[in-house]
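Here is a friendly walk through one protein chain, from the confidence of the model to a few of its helices, strands and loops. Please keep the structure in view as you read.

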Amino acid sequence: MTRRVGLRGRAGPVVAFAGVLALTAAGCSETDPVVFVDAVVDEHTGVGDDAGGDVSVARETSSSGSSAATTLPVTPIVVDRAWSPANATAEITGTGALVDDIVTVDGELAVIDSFTIDADGRFSLRVTIDDEGAHTVCVRDSCSRVFTLAADAESIGEVEAKIAQARSIAATMFDAQAEFPDWSVEVSGPFASIGGTTDPVTKTITVFANRGRSVEDFVVTLLHEWAHVLDAERLDDDERAAYTSFRGYGPSTPWRSEGDHSIEAWSGQPSEDFAEVMVALWTASTEQPHQVRTVAPGGPPDDIVFETVIGFLAP
C-alpha cells in the first residue's frame, strides 16, 4: 500500500551536506557551461556515541489519563537518488522517510509536489524549486545536492531534437556515413564548455546536449568533429607538416597542444585550424558559410586554401 502525503513544508533543523559531482573531459569548446545531473548524496551517520545505529526520538503517549514518554526507534534515511527529472523540480528517492519528516530546500521549507511512501518503506519525494542552480534538499537530516533548471528553460528533449535535425543537415554537406561507416555519433548530457569530442580509439564522436544553442551551432560542431575524423583517418605526419607550413605556422609548432581545448587556444593549433577550414569548405556554398574561429598566421581561408586542402585529402 502506498501512502500519499499532501504536505507543503514543515519547520525543523537542517544538517547541510555538500555533494559534489566532478566532471572532466577534453574536447572542443563552444558554449557556456550548463549542468543538470544526478547529485551525489549522503547517508545517515548516526547521532551521539552510537554512530550508524537507529535514532531515538521521544514521543508522548497516554494511558488511563496519564502521560508518559516513550522512546521509539526511527529508521535512518538512505537516499538512493537525488536528481532533477524536469525543469524546476527535484526528486529524492530512498528508504527510511516518515510522514512527518521535515523537508527543506536551502534551509527553507520545501514546496512539496508529491511525497509517497510504499509498504516496503521506499519513498519518493518531489519538490518545486523556482530558482535555477544547485540546491541542497534535505529530508529530515539527510541532505543532497541537486541542480535544477528554471521552469522556462530549454529541456534536454528539445536540445536533443535540435541535434537530430543538425545531423540531417550536416549529412547533406559531408556524407560521413559513406566515408566512415565504422564511426558513430553519440549524444551525451550537457557538459561545461564542451561542444563535442572525437575519439579515434573508439571511433566515436560525442556531441554534448548543451542548451541555448541553435541547430546551426550543432551543425558546426558536427562538421568540426568530422574534420578531426578526416585528420585521424586520412592525414599522415608528412601531410600534417605540409599543412602546418602552408598555413604559416613555424616548423616547431605541434599539430595539437594537449590539455588546452579552449577556442582562444585554437589559433595556435594547426589541427584546430584544419578542422575550422574544413567546416568553411563544406559550408561555402550554403546560405550561412562558416566563419573560421581560428586566426592562422596565413590568414583566413580562401579558394587557394580550399584547393590545397582538397589536394591533401585526395586519394
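Helices and strands here are DSSP runs, a helix having at least four residues and a strand at least two, numbered from the N terminus. With that convention, K203 falls in the loop between β13 and β14.

## Confidence in the model

Please bear in mind that this is a predicted model. The protein chain has an average pLDDT of 79, and 74% of the residues score at least 70.

Some care is needed with residues 1–68, where pLDDT stays under 50. The model does have 164 contacts beyond four places in sequence for this stretch. Where pLDDT is low, though, the predicted coordinates should not be read in detail.

## A three-stranded sheet and its helix

Let us begin with the open sheet of three strands, whose order is β12-β14-β13 and whose pairing is mixed. Its edge strands are β12 (184–188) and β13 (196–199), each of which pairs on one side only. On average, and with direction ignored, neighbouring strands of the sheet are turned by 20° against each other.

β13 pairs with β14 (residues 204–208) in the antiparallel sense, over four bridges. Within this pair, T197 has T206 in β14 as its bridge partner. Helix α3 packs on the sheet and touches β12, β13 and β14, with its direction at about 155° to that of β14.

## Inside helix α3

A good residue to look at in helix α3 is A227. Is A227 buried or exposed? A227 is buried, and its relative accessible area is 0%.

What is A227 in contact with, leaving aside its neighbours within four places in sequence? The answer is F274, A275, M278 and W282. A further residue to compare is F174, 53 residues away along the chain from A227; the two C-alpha atoms are separated by 9.7 Å.

## The two sides of helix α7

Helix α7 covers residues 303–313, and its buried residues are V305, F306, V309, F312 and L313. They lie on the same side of α7 because the arc they cover around the axis is only 120°. The general background is helpful here: an α-helix has 3.6 residues a turn, so residues three or four places apart point the same way.

The buried residues of α7 pack against α3 (215–234), α4 (237–246) and α6 (270–282). On the other side of α7, by contrast, D303, I304 and E307 are exposed. At the start of the helix, a side-chain oxygen of D302 comes to within 3.1 Å of the backbone nitrogen of I304.

## Residues in the loops

Leading into α7 from α6 is a loop that holds R293. R293 is partly exposed, at 23% relative accessible area. Which side chain does the side chain of R293 meet in a polar contact? The partner is the side chain of E276, at 2.7 Å. R293 and D273 are 20 residues apart along the chain, with 8.1 Å between their C-alpha atoms.

Two other loop residues deserve a look for their backbone angles. A88, in the loop between β4 (78–86) and β5 (89–95), has a phi near 60°, a positive value in a residue other than glycine. K203 is not a glycine either, and its phi is positive at about 55°. A88 counts as buried at 6% relative accessibility, whereas K203 is partly exposed at 25%.

Conventions:
Residues are numbered from 1 along each chain as its sequence is written. This is a predicted model: local features need pLDDT of at least 70, side-chain atom pairs count only at pLDDT 80 or more; totals for chains, interfaces and linings use all residues. Side-chain values use heavy atoms; hydrogens and water are left out. Buried means under 20% relative accessible area, exposed over 50%, partly exposed in between (1.4 Å probe, protein chains only). The arc is that of the directions from the helix axis to the C-beta atoms. Contact means heavy atoms within 4.5 Å. A polar contact is a pair of N or O atoms within 3.5 Å; within protein, one must be able to donate a hydrogen and the other to accept it, and residues adjacent in sequence count only if both atoms are side-chain atoms. pLDDT is the predictor's confidence in each residue, from 0 to 100. Two strands pair if DSSP finds at least two bridges between them. Axes are lines fitted to C-alpha atoms, for helices over the stretch in contact, and angles run from 0 to 180 degrees between N-to-C directions.
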